[in-house]
Amino acid sequence: PEILRYAQRVADRFELRSLIRFDTRVTSADWDEAGESWTVRTDRGDCIVASTCVMATGNLSVPNKPRLPGLERFGGPVYHTGQWPHE
């Protein structure tokens with residue numbers, strides 16, 4: 001909830017809400033060296049050309065669990081910031 005509130009505040013402050021595509025997955029992002037632009041395609045059929053593309057891959061939606069040697073043998077609780085227990 002705290003991260004969501006922060007993201008909402010940033011979106012409002014910089015008037016980004018109209019530029020955000022919700023419930024949409026990026027299927028490809030290709031860099032065009034000659035045109036110095038990104039072509040981004042989505043699962044909804046969108047094709048967006050932009051000079052900048054922020055790759056927030058999984059940052060808020062898919063936890064990135066580090067591969068630590070011996071972690072599978074650890075017997076205690078393991079917490080991840082993206083899957084913090086609500087209780």
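This report describes a predicted model, taking its sheet, a surface patch and one residue near the end of the sheet region in turn.

## The sheet

Three strands form an open sheet. Their order is E1-E2-E3, and the pairing is antiparallel. Strand E1 covers residues 26-32, and strand E3 covers 47-50. Both are edge strands, so each of them pairs on one side only. From one strand to the next, the twist averages 20°.

Strand E2 spans residues 37-42. Four bridges link E2 with E3, in the antiparallel sense. One residue pair can be picked out here: Trp38 has Ala50, in E3, as its bridge partner.

## The surface patch

Which residues make the nonpolar surface patch? They are Phe14, Leu16, Leu19, Ile20 and Phe22. The patch measures about 510 Å².

Phe14, one of these residues, sits in a loop. That loop runs between helix H1 and strand E1. Helix H1 itself covers residues 2-13.

## Thr52, after the last strand

Thr52 belongs to the segment after E3. Is Thr52 buried or exposed? Its relative accessible area is 58%. The cut-off for exposed is over 50%, so Thr52 counts as exposed.

Thr52 can also be placed relative to Val40. The two residues are twelve apart along the chain. Their C-alpha atoms are separated by 11 Å.

Definitions and conventions:
Residues numbered from 1 in each chain as written. Predicted model: local features only at pLDDT ≥ 70, side-chain atom pairs only at ≥ 80, totals over all residues. Heavy atoms only, no water. Pairing = 2+ DSSP bridges. Helix = DSSP H or I, 4+ residues; strand = E, 2+ residues; numbered from the N terminus. Axes fitted to C-alpha atoms, helices over the stretch in contact; angles between N-to-C directions. Patch = residues over 30% accessible without salt bridge, like charges linked within 9 Å, V, L, I, M, F, W, Y side chains within 5 Å. Areas by Shrake-Rupley, 256 points an atom, 1.4 Å probe, with all protein chains shown as cover. Salt bridge = Lys/Arg side-chain N within 4 Å of Asp/Glu carboxyl O. Buried < 20%, exposed > 50% of the residue type's maximum accessible area, 1.4 Å probe, protein only.
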